[in-house]
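I opened a fresh page to record what I looked up, entry by entry, so that I can follow my own steps later.

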Amino acid sequence: MGRTIAPYMTYHGASWLVREEREREEHCKTMLKALAIKPGQAVCDMGCGNGFYTLKLAKLVGKTGRVLAVDIQPEMLRLLEARANEQALKNVELVQGSVIDPKLPEGELDLIMLVDVYHEFSYPEQMLRAMRQALKPDGRLVLVEFRLEDPSVPIKLEHKMSKEQVKKELLPNGYKLVEEFDKLPWQHVMFFQRDDGEEGEKDEEKDEKDIAGEKDDGQE
Ligand SMILES: C[S@@+](CC[C@H](N)C(=O)[O-])C[C@H]1O[C@@H](n2cnc3c(N)ncnc32)[C@H](O)[C@@H]1O
């Protein structure tokens, strides 16, 4: 794969995610605006942590929309739950995922957002497959990652990703790059959609091989 998978950030560091300087350092409002979220949409905050973005997404999709907040750490989900309750937000659904399965419904999501998360996946291919199945045919997956290409971004190397590396991992896994937003001070924003054509072909090839394999087995 050509990179070191970063250890996931534990809930002990959760206060860093809601630090006061975050807006100034990362221009979070600009990033959210670039997502062009509409009221009523179903969105997922994948690797939500303590919900810095989840609460903002909940307001953007409004009462008719829903936000599925997924994390592998139950402690993060509890911290998020407390913050959502404080703000009386009713459209947030907490989902305890596993490292290979985000436990999402199939084909229902307009958007899956991953901020500073993908590089922590210990099983990226399995996660990519599961998220792809959860997207609507025209749904989007958005990766927001600290720029590896820029040494002035003050983040540990294994928590950064280059655009080349992101493409190297997503394109062969049934995604196509549809848009990029390059106006944040520290992060890339890369929008992907399902590449059903190619993945369909891959699935067909796999089915053919499986059938051929079954025939071989029969002959032995
Ligand atoms: C650096 S934090 C970012 C949190 C949040 N996205 C934010 O920007 O405030 C990364 C989070 O991703 C979660 N994570 C890592 N691997 C995951 C996986 N396979 N599925 C779901 N969450 C995961 C970690 O538990 C952690 O809470």
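**Entry 1: contacts of one cysteine.** I first fixed the term I needed: two residues are in contact if their C-beta atoms, placed from the backbone, lie within 7 Å. With that in hand I looked up Cys-44, and, leaving out residues up to four places away in sequence, I found that Cys-44 touches Leu-68, Val-70, Leu-104, Leu-109, Ile-112 and Met-113. I note here that I am reading a predicted model.

**Entry 2: the whole chain.** I then stepped back to the chain, whose secondary structure comes to eight helices and eight strands. Of its 220 residues, 35% count as buried. Among the contacts with a separation of 6 or more, 70% join residues that are 24 or more positions apart.

**Entry 3: the core and its strands.** Which residues touch the most other members of the largest nonpolar core? In this core of 51 residues they are Val-43, Cys-44, Leu-109, Ile-112, Met-113, Leu-114 and Val-142. Looking at the strands next, I saw that β1 and β4 pair in the parallel sense over three bridges, and that the bridge partner of Cys-44 in β4 is Ile-112. β4 and β5 also pair in the parallel sense, over six bridges, and Leu-114 stands opposite Leu-143 in β5. Six of the seven residues of β4 are buried, so β4 is largely enclosed by the rest of the structure.

**Entry 4: helix α6.** I listed the buried residues of α6 (residues 124–134), which are Met-127, Leu-128, Met-131, Arg-132 and Ala-134. Seen down the axis of α6, these buried residues fall within an arc of 155 degrees, so they line one face of the helix. As a reminder to myself, an α-helix has 3.6 residues a turn, so residues three or four places apart point the same way. What covers the buried residues of α6 includes β1, β4, β5, α7, β7 and β8.

**Entry 5: Leu-77.** Is Leu-77, which lies in helix α5 (residues 74–86), buried or exposed? Leu-77 has 23 C-beta neighbours inside 10 Å and therefore counts as buried, since the cut-off is 20 or more. Not counting residues up to four places away in sequence, Leu-77 touches Asp-71, Leu-94 and Gln-96.

**Entry 6: around the ligand.** Of the 23 residues around the ligand, I noted that Tyr-8, Leu-17, Gly-47, Gly-49 and Val-115 come nearest. The shell divides into 16 nonpolar, four polar and three charged residues, and α4 (52–61) and β2 (66–71) each supply at least two of its residues.

Note on methods:
Residues numbered from 1 in each chain as written. Predicted model: local features only at pLDDT ≥ 70, side-chain atom pairs only at ≥ 80, totals over all residues. Near = placed C-beta within 6 Å. Helix = DSSP H or I, 4+ residues; strand = E, 2+ residues; numbered from the N terminus. Nonpolar A, V, L, I, M, F, W, Y, C, P; charged D, E, K, R; others polar. Buried ≥ 20, exposed ≤ 12 C-beta atoms within 10 Å, placed from the backbone. Arc of directions from axis to C-beta. Core = buried A, V, L, I, M, F, W, Y, C linked by C-beta atoms within 7 Å. Pairing = 2+ DSSP bridges.
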